[in-house]
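Please open the model in a viewer with residue selection at hand. The stops below each give a selection and then what is found there.

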Amino acid sequence: MEGNENINIQHPEVWELIVAIDGQQVNYILFTPQVANSLISGQVPMPDDSLQSLEDAIYNTPVLLNEYKRVRVIVHSPHFVVLPHATGDDDCLTLVRAAFPGDDGDAAVCALSENEVKIAHLMPRGLQAFLGRTFNYPVVYHHLFPLCSYFKELSRGKSVSQMFLNLQEDYMDMAIYRDSELQCANTYPFTSAQDAAYFALSAWRAHGLDQLTDELQLAGNGETRGMMTPVLREYVKLVMPAEYPAAAMRLGRNAMQSPLELILLALCE
C-alpha cells in the first residue's frame, strides 16, 4: 500500500474510490476502469471507533476528498439481520432495531438482489450524515454484500453445498450455499484459530453439510487460513482455497494485498 501523503491523483473525475470502514481503520482503493494496473490502495488507522476519529482520519487524508467519478462505501457492522428480499424497507429497519434495542445508531438496508435477501444493519449514530456531506451521498453497502455477491457466482452450477469463509485476524465472514441458494450469512469475531474453526464446524453441522462431499472454501488472511486449514481438515474432507477473481488482476498486480471486499465491490458494476 502506498503512503497516503504520496498519492496524487490527476483527473480524479475519471477515477473511482471505494472506502471500507470497520471501526479500527479506514481502508480504501482508487482505480480507473479504463486503465489496467491503475489500482492504488491505502489504509488510515484510527485511535478508537468514535465518529470523531473517523472524521479526523478521512479529513486528514486529502486523497479521499477529491471529486471522483464514483464513490462507494462499505460499512462493517456486527449488528445486522438477514431478511427475505420481499420484506419492505420500513419493516427491515423496524426489525433490526428490535433485534438490537441497545444500539441507537443509524439504520440502513442493503439489498442483495441476486441472493434474494436484504441486510438491515446498524452503524454509528451520525455516520450516514457524515458520509453524505463528505462523499456527496455515496451508495453504502454492508460488508457482506460484495462477499455474498461473489460467493453466489462461485456456487453457480455446483451440485454440492458450499461453505465460504473470509478470514481476517480477529473475525470471519461466512456464507453457506445449497443448490446455489444462500442458506446463511454471518460474521463471527474470534480470539484464536481454534475458536474460528469451532464456529465454522458448528455452522457446518447446523446446516446439515456433508463431511465427505461438500466443500469448505477459504479466502482472506493467509496466516489465519494456514492455521485453520489443518484443523478443519480433521473433520471436513474438501477444504480448499476459494478461487480469486481473475478480473482483479486487471485492476492491479497488488490487488491481492487489498481487502477482498474492496476488490470484489470494484468488480461489481
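Select F151 first and show its surroundings: leaving aside neighbours within four places in sequence, F151 is in contact with F164, A175 and Y177, where contact means heavy atoms within 4.5 Å. F151 sits in helix α4; helices here are DSSP runs of H or I with at least four residues, strands are runs of E with at least two, and both are numbered from the N terminus. With a relative accessible area of 2%, F151 is buried (buried means under 20% relative accessible area, exposed over 50% and partly exposed in between, with a 1.4 Å probe and protein chains only). Now add L251, which is 100 residues from F151 along the chain; their C-alpha atoms are separated by 20 Å.

The model is predicted: local features need pLDDT of at least 70 and side-chain atom pairs count only at pLDDT 80 or more, while totals for chains, interfaces and linings use all residues. Residues are numbered from 1 along each chain as its sequence is written, and side-chain values use heavy atoms, with hydrogens and water left out.

Stay in helix α4 and select S155. S155 is counted as buried because its relative accessibility is 1%. Not counting residues up to four places away in sequence, S155 touches Q162, F164, Y177 and S180.

Next, the nonpolar cores. A nonpolar core is a set of buried Ala, Val, Leu, Ile, Met, Phe, Trp, Tyr and Cys residues joined through side-chain atoms within 4.5 Å. Which members of the largest core touch the most other members? They are I18, I29 and F151, out of 35 residues. Helix α4, residues 144-155, gives the most to this core, with seven residues. Centre on I18: apart from neighbours within four places in sequence, its contacts are N27, Y28, I29, F31, R72, I74, L262, L265 and A266. There is also a second, separate core of 27 residues, and I7, I21, V26 and F130 are among them.

Now select helix α1 (residues 51-59) and helix α3 (residues 127-135), whose axes come within 11 Å and cross at roughly 15°. Axes are lines fitted to C-alpha atoms, for helices over the stretch in contact, and angles run from 0 to 180 degrees between N-to-C directions. α1 and α3 are therefore roughly parallel to each other (angles under 35 degrees count as roughly parallel, over 145 as roughly antiparallel, 65 to 115 as roughly perpendicular and the rest as oblique). Their crossing is right-handed; this is the term when the near helix is turned clockwise from the far one by less than a right angle, and left-handed is the term when it is turned anticlockwise. On the α1 side, L51, L54, E55, I58 and Y59 make the contact, and on the α3 side L127, F130, R133, T134 and F135 do. By class, this contact of α1 with α3 has seven nonpolar, one polar and two charged residues (Ala, Val, Leu, Ile, Met, Phe, Trp, Tyr, Cys and Pro count as nonpolar, Asp, Glu, Lys and Arg as charged, and the others, Gly among them, as polar).

Keep α1 selected and colour its buried residues, which are S53, L54, E55, A57 and I58. The elements that cover them include β1 (16-21), β2 (25-31), β3 (40-45) and α3.

Go on to helix α5 (residues 193-206) and helix α6 (residues 222-233), where the axes come within 9 Å and cross at roughly 45°. That makes α5 oblique to α6. The crossing of α5 and α6 is right-handed. Here A193, Q194, A196, A197, A200 and L201 in α5 meet M227, M228, V231 and L232 in α6. The residues of this contact comprise nine nonpolar, one polar and no charged.

Two backbone positions follow. Most residues other than glycine have a negative phi. Select H11, in the segment before β1: H11 has a positive phi of about 55° although it is not a glycine. H11 is exposed, with a relative accessible area of 54%. Then select N136, in the loop between α3 and β8 (139-142). Its phi is positive, near 60°, in a residue other than glycine, and N136 counts as exposed at 61% relative accessibility.

Finish at L260, in helix α8 (residues 260-266). Is L260 buried or exposed? L260 is buried, with a relative accessible area of 11%. Not counting residues up to four places away in sequence, L260 touches L147, N166, A219 and Y244. Add L39 as well: L260 and L39 are 221 residues apart in sequence and 13 Å apart in space, C-alpha to C-alpha.
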